[in-house]
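Hi,

Here is the structure I promised to pass on. Have a look at it first, and then read on for what turned up.

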Amino acid sequence: MDMIKHPIFQPLRWPGHSLKNRLIIAPMSRVSATAEGLATAEMEAYYTAFAKGGFSMIITEGNYTDEMASKAYPHQPGLTSSSHAAAWQPVVEQVKKHGSLMIAQLMHAGALSQYFQETLAPSAIQPAGVKMAQYGGTGAYPFPKAMSLEDINAVKKGFVNAAKVALQAGFDGVELHMANGYLLDQFLTPELNVREDQYGGSTSNRFRIAAEVIQDIRAVVPAHFLVGIRLSEGKVNDLKYRWKNGAAMAIEILEEVRKAAPDFIHIAVQSGEWERDSFYSNGTSYAALAKQITGKVIIANGGMHQLTRATRVIEESHADLLSVGKAALADPAWPMHILNGTPPLPFHPDMLWPEATIKHANEVIKSKHINIS
Ligand SMILES: Cc1cc2nc3c(=O)[nH]c(=O)nc-3n(C[C@H](O)[C@H](O)[C@H](O)COP(=O)(O)O)c2cc1C
């Protein structure tokens, strides 16, 4: 087939926006901002390469949302102040100049912070596993403090302020990180949230914090500013975690998402094993359910650089957009290379080890570790 006619290269029209193809960048933390969380010239070059390489939309790495307890890593970018907006502004400008939409991911690490020793969570449950060395963490995760209602209000205000700062920086929208085991996902996950107030118990209560954040952000941003949400079953410290009651839980969650009406829903499979980790016994996927229940723009993630999988996801209407992670790190011009029949440069795990910085990955790409023949 002439690749230009392939389903992944068809445009997507969205009220107020239009995307030239279905290929977007998945959020990837690169621990490469300044110690104060300011985006840098290196980050500008990194993000611009994806836009030049043919990706139609970029979701940034997770940005911390307040100065209190949200930070996940040292050298994580932030969106708490006008200094953060000013640092992101040239990055956003360059990306948009090259024709891509630019979305800021808003992230509160909660109990999975690699940075803080005193952490917050819906309930005082110690996370499984150990911290991630490539993001600056060492040792076990501490026991988090169960959040008070005041803490919850402060976290919500942080997300709303971060959306305003993202708007100031010129971003086209924000994505709430409610996936991979971080704070909002801790609220959603029954085993991590045993609260007895209005933020725990039923699925509606466990989703409440996100619904309120979406509503509060909508009240302060213009209609064209996109507000999306990322969901997953797997956690960074438990990649194979699945909802205990499978599709029934997914449907309950997605009913809440439908009521909150985000502009897009990103269903992530961080393991990259999309079929294994996102299908239910009734033969549907989390993404397909999201599409059927909400009718919104759905992004599928997890090994979407594999063309047979990507084709299936679009043709069988599991999702509208495909987010690509590691394959794009190795080859930021992945869409262009697929389009013109050049084999893309392959990903190598050394690009993220022993550290996940942009500088280190660039060095590995240039080094003999990567066989680009
Ligand atoms: C280096 C790296 C950093 C990541 N950081 C984030 C992040 O900040 N926010 C997020 O939601 N997901 C993050 N992810 C997960 C990716 O968005 C994606 O789910 C994962 O890489 C699977 O997609 P892939 O198979 O295309 O790589 C990260 C992944 C990698 C490899």
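Let's start with one pair of helices: α2 and α3 cross in a right-handed way. The residues that make this contact are S82, H84, A85, W88, Q89 and V92 on the α2 side, and V165, Q168 and A169 on the α3 side. Sorted by class, that contact between α2 and α3 holds 5 nonpolar and 4 polar residues, with no charged ones. As for the geometry, helix α2 covers residues 82–97, and its axis lies 8 Å from that of α3, at an angle of about 45 degrees. An angle over 35 but under 65 degrees counts as oblique, and α2 and α3 are therefore oblique to each other.

Before going further, please keep in mind that this is a predicted model.

Now the whole protein. It has 12 helices and 12 strands. Its radius of gyration is 19 Å, close to the 21 Å that the globule rule gives for 373 residues, so the protein is as compact as a globular protein of that length. If you want a feel for the dimensions, the C-alpha atoms fill a box of roughly 55 × 45 × 40 Å along the principal axes.

Back to the helices, since α3 has another partner. Helix α3 (residues 149–169) also meets helix α5 (residues 203–218): their axes come within 9 Å and cross at roughly 40 degrees. That makes α3 and α5 oblique to each other too, and their crossing is right-handed. From α3, the contact uses I152, K156, F159, V160 and A163, while α5 brings in I209, E212, V213, D216 and I217. In this contact of α3 with α5 you'll find 7 nonpolar and 3 charged residues, and no polar ones.

Helix α5 in turn packs with helix α6 (residues 246–260), at an angle of about 25 degrees and with the axes 10 Å apart. Angles under 35 degrees count as roughly parallel, and α5 and α6 are therefore roughly parallel to each other. Here again the crossing is right-handed. On α5, the residues involved are T203, S204, F207, A210, A211 and I214, and they meet E252, I253, E256 and A260 of α6. By class, the contact of α5 with α6 is made up of 6 nonpolar, 2 polar and 2 charged residues.

Next, the ligand. Which residues come nearest to the ligand? Of the 24 residues around it, those are A26, G62, G272, G325 and K326. The shell around the ligand splits into 10 nonpolar, 11 polar and 3 charged residues. Three elements each supply at least two residues of that shell: β4 (57–64), β8 (173–180) and α10 (326–330). Of the elements, β8 gives the most to the shell, with 3 residues.

Finally, two backbone details to look up while you have the model open. Most residues other than glycine have a negative phi, and most peptide bonds are trans. What is the phi of H75? For H75, phi is near 65 degrees, a positive value in a residue that is not glycine. You'll find H75 in the loop between β4 and α2. The other detail is the peptide bond from W353 to P354, which is cis, with omega near 5 degrees. P354 sits in the loop between α11 (334–339) and α12 (358–366).

Over to you now.

Cheers

Definitions and conventions
Residues are numbered from 1 along each chain as its sequence is written. This is a predicted model: local features need pLDDT of at least 70, side-chain atom pairs count only at pLDDT 80 or more; totals for chains, interfaces and linings use all residues. Axes are lines fitted to C-alpha atoms, for helices over the stretch in contact, and angles run from 0 to 180 degrees between N-to-C directions. Helices (H or I, at least four residues) and strands (E, at least two) are DSSP runs, numbered from the N terminus. Angles under 35 degrees count as roughly parallel, over 145 as roughly antiparallel, 65 to 115 as roughly perpendicular and the rest as oblique. A crossing is left-handed if the near helix is turned anticlockwise from the far one by less than a right angle, and right-handed if clockwise. Two residues are in contact if their C-beta atoms, placed from the backbone, lie within 7 Å. Ala, Val, Leu, Ile, Met, Phe, Trp, Tyr, Cys and Pro count as nonpolar, Asp, Glu, Lys and Arg as charged, and the others, Gly among them, as polar. A residue is near a molecule or strand if its C-beta atom, placed from the backbone, lies within 6 Å of it. The radius of gyration is taken over C-alpha atoms; the globule rule is 2.2 Å times the number of residues to the power 0.38.
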